[in-house]
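I opened my notebook to look up two things: enclosed empty space and aromatic contacts. The entries follow the order in which I checked them.

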Amino acid sequence: MQTDSSPNPTSSDSIIKPTRITMVDGEQQLLQPLYQTLKQQGYQPHLFFDADEALAHLSKTDILLLDVSIAQQPKSSKFIKVPTILVLSDNKENQLPPWLQARHVFLVHHPQDPQTLVARLADYLPPRTPDFDIAAYNNQHLALLFGITQFLSGHLNINDLFERILALTPYLGAQFSALLVMEDDEIIYYRSTQPGREELTGPAGRRFAGRLLKDGLEGWTLQHNQATVVLDTKADPRWFRAPYLPDHAHCVAVVPFNISRVKAQGVYLIGHRDVAYFSEEDIPLLQAATNQIGLAIENAMLFKNQTQRSMQLALINQVSQAATSILNLDVMLRTVVQAIRRSLACYSVAIHLYNQKTNLVELKARDALDRPRYRTPDQPTLTVTHELKQGLIGWAIATNQTVLANDVTRDDRYVPDDANKEIRSQVCVPITLGVKTIGVLDLQSAQLEAFNKYHVDALKTLADQLAIAIENARLYDEINQRVQELKSLNEIGQAVTSTLNLKETLTLITDQTTRLMEVAAASVALRDESGQEIWFAAASGEGSGAAIGLRMAYGQGIAGWVVSHGEPVIVPDVNADVRFFAEVDKQSGFTTKSILCVPLITKGHTIGALEVMNKQQGTFNQEDLALLQALAAPAATAIENAQLYEKERETINRLAETQYQLIQSAKLAAVGELAAGVAHEINNPLTTIIGLTGVLQDTLPTLLPDQPEVTEDLQMVYEEARRARDIVRHLLDFARAEPPKLLPTDFNQLVEDAIFLVYPKNLSQKIQLRKSLSDLPEMWLDANQIKQVLVNLLNNAIQAMLETNQPAVLTVTTQYQLSNGSQPDHSPAIVCTISDTGAGISPEYIDKIFDPFFTTKEVGEGTGLGLSISYKIIEKHGGSIEVSSALYQGTTFILTLPVSYAPNSTPNNDSVVTKPVEIRFLPK
């Protein structure tokens with residue numbers, strides 16, 4: 001072996017490299033003073049504030065200074081490869097995290113004077129060796145081997161060590177070298193510095209190394225475990241050749257090595273362009289050097305394995321904490337995938353669970369770099385599913401085996417799509433509980449060859465923990481769901497029994513059922529009193545507005561069948577069930593897909609049915625049926641109680657109406673008695689007024705021939721005195737319940753006469769009159785009585801408007817109705833409306849205005865008989881009075897009188913049927 005001379009590694013001319021210092025500071029920036037002091041002392045420290053940025057600098061670091069807040073982050077486990085680590089803390093109670101507990105990691109109290117720590121740095125560093133600048137090869141083999149040992153020792157970063165091994169080439173008298181390392185029969189590293197092969201690195205290099213092991217000199221060497229020298233590679237068939245490789249003659253020496261403690265082996269090769277450059281005499285030295293290389297690799301791999309285990313323990317600890325402390329399944333899964341991705345720094349981590357009902361694998365949690373593309377803020381979460389044996393995920397579920405693809409493009413099972421076009425590596429680990437596979441833990445990376453056996457081992461451990469955690473979370477969710485259902489049932493029971501109003505009860509039942517059952521719609525169908533039909537008394541959810549009130553024949557439709565048979569039914573597809581009545585959907589506009597319906601049974605009788613449509617998640621099952629039946633039991637009782645209450649209330653209302661009529665009759669009898677007592681007292685002065693007015697009518701034209709208006713006024717006095725006398729008589733008739741004297745009458749003329757009496761010219765300046773009189777048929781009425789009613793209502797309206805300062809408008813209208821819905825026989829009727837813009841009637845007085853002697857006027861300004869007499873008159877004519885009033889918005893009286901006789905017929909007064917007057921108080 002030919003050599004070049006160079007300095008001896010133990011000579012005084014050796015050059016020691018300066019200490020390479022990297023610092024990672026926390027948010028409080030406690031390392032800043034130390035950083036400045038190091039620079040002042042001539043060091044060249046590198047300061048970072050982000051752990052990820054510092055990771056790229058580790059291969060150039062001899063000592064790493066960490067703030068304790070950075071060390072406590074799980075990602076700091078990746079720093080373990082640095083030869084010396086100092087964790088600086090200003091709190092003596094702080095401890096090193098589990099992943100940094102190693103012999104070369106020290107927890108140091110942060111000194112107040114940075115100079116103190118700078119002076120102690122040398123104490124923490126291992127003895128520095130000079131750069132490997134030894135003689136390439138000479139008779140002092142021990143010196144060479146010692147130099148190799150010093151050059152490789154202390155370098156625990158496996159990739160950095162591999163590069164250093166290749167850097168030994170010139171010191172062994174070679175021009176190029178190659179290193180192939182296997183662990184557990186898996187190639188973990190290959191690189192050659194031979195021209196034409198130096199580009200074969202990374203995944204491509206490992207694939208090339210596989211061919212070398214199969215067809216090359218390297219494979220022969222490992223197989224025979226024998227060092228060998230090939231004097232001319234072109235003449236040796238063991239040398240691997242390929243069209244893409246240069247075919248030059250070289251001399252190479254190859255030595256195998258085995259590392260038992262980590263189950264690794266490899267091949268170290270050196271070469272020269274000169275044929276026969278190496279000889280068998282060089283084998284012992286090369287084997288000795290390879291032994292040193294094997295020891296260095298063993299130490300680095302042991303350190304790597306320990307680092308991997310530390311990271312695994314840290315990750316497993318995080319996942320264990322999340323799995324045991326979080327019982328909500330969705331939250332727990334999201335926390336786990338986030339923890340795994342933070343620790344392993346891969347592109348995507350997802351958990352898929354197997355749904356036995358659908359036979360699909362469903363995505364449940366995912367944390368990835370592309371999260372925004374899976375769901376935008378205004379969109380619901382996408383449902384991602386896989387069939388069995390669809391993609392690597394489907395294969396992992398179907399076979400219950402871990403699927404590892406370090407180059408997905410070379411795996412036929414991989415299914416690419418636009419959502420995962422960045423993926424280069426993927427590992428899918430089944431999550432199993434006993435013999436049952438419940439899901440898949442899926443990791444994806446954008447790098448080739450991203451996953452190794454350490455990842456797989458860690459993920460299998462995580463999958464075992466996840467299986468237990470998922471099962472516990474599911475059990476908790478089921479228990480919690482049952483608790484919530486019982487709580488909801490209790491709340492619903494309290495709600496439906498808190499009211500006896502039937503409509504409110506039905507609405508509560510459907511609203512609560514829709515919420516509890518998580519369905520699109522719910523409805524209650526009840527049997528009508530005849531028992532021949534069912535009708536939808538209440539509904540909630542989609543299409544509920546149109547469904548209420550719909551009727552079906554007894555036994556028709558799903559609900560009708562349930563009512564008639566008294567049995568529950570589950571219909572997963574209504575289109576496949578002949579009992580489904582599609583007309584309900586046509587009228588409501590709702591599309592029914594599935595139905596769950598149960599009978600409403602109370603005291604052994606079916607009173608209706610409670611049904612729910614279109615479950616939002618999944619299909620209706622026996623658990624849903626049990627829940628709806630539990631809800632139907634109190635609902636049926638509540639409905640029956642509300643129905644009984646409605647009947648009792650109707651009975652009470654009828655009794656109250658009867659009592660009201662009796663009170664009215666008593667009041668009217670009192671009025672009659674009063675009228676009989678005062679009639680004579682009023683009649684005497686009225687008789688005198690009428691007599692004297694008649695005399696004046698005979699004499700005034702002679703005495704005052706030039707003043708005809710006086711004669712007209714006197715005539716009005718005469719007529720009104722007679723009308724007053726008639727009113728007194730009518731008051732007696734009011735008490736005696738005598739029928740009105742019906743004569744053919746023009747109702748519009750009565751209105752005109754009444755307006756003429758109460759609306760003189762001087763009022764037109766204050767009150768605007770709006771009059772709209774429609775053509776009316778001649779009616780049989782007591783003209784004086786009806787005129788009295790009209791005058792009374794008009795007077796009240798005018799007085800109400802004179803007492804306010806707002807614009808006054810008096811509106812009088814008449815209309816003819818061919819069919820009057822308010823009358824039992826639906827006979828034609830005329831409607832007269834009198835409206836004012838006065839102060840309105842107070843709500844507390846509205847139901848008393850027709851009571852005799854009730855008045856809100858001052859003493860002496862009113863008797864309180866006007867409206868009560870009007871009430872009696874309209875009652876005798878078989879009509880109705882409706883009152884609509886609101887404070888400060890005016891009052892409207894609506895008179896409705898039936899047209900009972902033909903214009904040319906002669907009525908018999910005895911045949912007039914007196915109907916109770918209808919008084920309705922309407923909102924304004």
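These entries cover the cavities, then the aromatic pairs, then the charges over rings.

**Entry 1: cavities**

I noted at the outset that this is a predicted model. Rolling a probe the size of a water molecule over the atoms shows where empty space is left. How many cavities of 30 Å³ or more does the structure hold? I found three of them. The largest has a volume of about 240 Å³. I then looked up its lining, which has 24 residues. Closest to the centre are Phe536, Val584, Thr592, Glu611 and Met613.

Next I asked which elements supply at least two residues each to this lining. Three strands are on my list: E17 (519-527), E18 (533-541) and E22 (605-615). The helices are H15 (544-547), H16 (557-565) and H17 (583-588). By residue type, the lining divides into 14 nonpolar, seven polar and three charged.

**Entry 2: aromatic pairs**

A pair of aromatic rings is described by the distance of the centres and the angle of the planes. I counted five aromatic pairs in the model. One of them joins Tyr190 and Phe208. Their centres are 5.9 Å apart, with 55° between the planes, and I logged the pair as tilted.

Which parts does this pair tie together? Tyr190 lies in strand E7 (residues 186-192) and Phe208 in helix H7 (residues 202-215), so the pair ties together parts that are 18 residues apart in sequence.

Are the two residues buried or exposed? The cut-off for buried is under 20% relative accessible area. Tyr190 has 3% relative accessibility, so I count it as buried. Phe208 comes to 4%, so Phe208 is buried too.

I then turned to Tyr277 and Phe278, which form an edge-to-face pair. The centres lie 5.0 Å apart, and the planes meet at 85°. Tyr277 counts as buried because its relative accessibility is 9%. Phe278 counts as buried because its value is 1%.

I also looked for rings linked into a group. Ring pairs join Tyr190, Phe208, Phe240 and Tyr244 into a cluster.

**Entry 3: charges over rings**

Last, I looked up arginines placed over tryptophan rings. The charged end of Arg238 sits over the ring of Trp220, 4.4 Å from the ring centre. Arg579 lies over the face of Trp561, and here the distance to the ring centre is 4.6 Å.

Definitions and conventions
Residues are numbered from 1 along each chain as its sequence is written. This is a predicted model: local features need pLDDT of at least 70, side-chain atom pairs count only at pLDDT 80 or more; totals for chains, interfaces and linings use all residues. Side-chain values use heavy atoms; hydrogens and water are left out. On a 1 Å grid over the protein atoms alone, a cavity is a set of points where a 1.4 Å probe fits but cannot get out, and a pocket is an open set with protein on both sides within 12 Å along at least five of seven lines; lining residues have an atom within 4 Å of a point. Grid points are joined across faces, edges and corners, and a volume is the space filled by probe spheres set on the points. Helices (H or I, at least four residues) and strands (E, at least two) are DSSP runs, numbered from the N terminus. Ala, Val, Leu, Ile, Met, Phe, Trp, Tyr, Cys and Pro count as nonpolar, Asp, Glu, Lys and Arg as charged, and the others, Gly among them, as polar. Rings of Phe, Tyr and Trp (its six-membered ring) pair if their centres lie within 6.5 Å; planes under 30 degrees apart count as stacked, over 60 as edge-to-face and the rest as tilted. Buried means under 20% relative accessible area, exposed over 50%, partly exposed in between (1.4 Å probe, protein chains only). A charge sits over a ring if NZ of Lys or CZ of Arg is within 6 Å of the ring centre and within 35 degrees of the ring normal.
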